[in-house]
Amino acid sequence: MIFLRMPPEALRDRASRPSDDVWSFGVLGWEAMSEGGAPYPGLPAKELLSHLESGQRLVFSEKTCPVELSDLLSSCWREVRRCFLRKC
């Protein structure tokens, strides 16, 4: 489901921006490193926006993802994305 890869503002505004690709890349990386797992397992779709707006993010397993890679991918939901939105 495509909405599982969308950032909170895209879900809220129902509009996409180029910076959404940074967020989506982080989710895609999580899917790859979780061996094809579905993002936000067990979370009902109607609760996704409030989940993300409360600051919750996907968590990488140390068993399947090296810390350096999980740090890089997690930055897609933090610093890298903020910089992209500001056009650093």
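**Exercise 1. Overall architecture**

Among contacts in the protein between residues at least 6 apart in sequence, what percentage join residues at least 24 apart?

*Solution.* Start with the ground rules. This is a predicted model, in which local features need pLDDT of at least 70 and side-chain atom pairs count only at pLDDT 80 or more, while totals for chains, interfaces and linings use all residues. Residues are numbered from 1 along each chain as its sequence is written, and side-chain values use heavy atoms, with hydrogens and water left out.

Step 1: take a contact to be heavy atoms within 4.5 Å. Of the contacts between residues at least 6 apart in sequence, 60% join residues at least 24 apart.

Step 2: list the secondary structure, where helices (H or I, at least four residues) and strands (E, at least two) are DSSP runs, numbered from the N terminus. The protein has five helices and zero strands, and its pattern along the sequence reads α-α-α-α-α.

Step 3: look at the surface. Its accessible area, from the Shrake-Rupley method with a 1.4 Å probe and with only the protein chains shown counting as cover for residues, is about 5700 Å², and carbon and sulfur atoms hold 58% of that. Buried means under 20% relative accessible area, exposed over 50%, and partly exposed in between (1.4 Å probe, protein chains only). Of the 88 residues, 33% are buried.

**Exercise 2. Helix H2**

Compare the end-to-end distance of H2 with its expected span, and list its buried residues.

*Solution.* Step 1: the expected span is 1.5 Å times one less than the number of residues. H2 has 14 residues, so it should span 20 Å, and its end C-alpha atoms are indeed 20 Å apart.

Step 2: the buried residues of H2 are Asp20, Val22, Trp23, Gly26, Val27, Gly29, Trp30 and Glu31. As a reminder, an α-helix has 3.6 residues a turn, so residues three or four places apart point the same way.

Step 3: zoom in on glutamate 31, which sits in H2. Glutamate 31 counts as buried because its relative accessible area is 10%. A polar contact is a pair of N or O atoms within 3.5 Å; within protein, one must be able to donate a hydrogen and the other to accept it, and residues adjacent in sequence count only if both atoms are side-chain atoms. The side chain of glutamate 31 makes one with the side chain of arginine 5, at 2.9 Å. Beyond four places in sequence, glutamate 31 touches Arg5, Gly36, Gly37 and Pro39.

Step 4: follow the backbone oxygen of glutamate 31, which lies 3.2 Å from a polar side-chain atom of serine 34. Serine 34 belongs to the loop between H2 and H3 and is partly exposed, at 24% relative accessibility.

**Exercise 3. The core and tyrosine 40**

Which residues have the most contacts inside the largest nonpolar core?

*Solution.* Step 1: a nonpolar core is a set of buried Ala, Val, Leu, Ile, Met, Phe, Trp, Tyr and Cys residues joined through side-chain atoms within 4.5 Å. The largest one holds 15 residues, and Tyr40 and Trp77 have the most contacts inside it. At least two core residues come from each of helix H2 (20–33) and helix H3 (48–53), and H2 gives the largest share, four residues.

Step 2: place tyrosine 40 in the loop between H2 and H3. Its relative accessibility is 7%, so tyrosine 40 counts as buried. Not counting residues up to four places away, tyrosine 40 touches Leu4, Trp23, Val27, Leu48, His51, Leu52 and Leu58.

Step 3: check the backbone. Most residues other than glycine have a negative phi. In tyrosine 40, phi is positive, near 55 degrees. Arginine 14 also has a positive phi, of about 55 degrees; this residue lies in the loop between helix H1 (8–13) and H2 and is exposed at 77% relative accessibility.

**Exercise 4. Serine 70 and the cysteines**

Is serine 70 buried or exposed?

*Solution.* Step 1: serine 70, in helix H4 (residues 67–74), is buried, with a relative accessible area of 11%.

Step 2: its side chain reaches the backbone oxygen of valine 67 at 2.9 Å. Outside four places in sequence, serine 70 is in contact with Phe60 and Cys65.

Step 3: turn to the cysteines. Cysteine 65 is buried at 3% relative accessibility, and cysteine 76 is buried at 6%. With a disulfide taken as a pair of cysteine sulfur atoms within 2.5 Å, a search of the whole structure finds zero.
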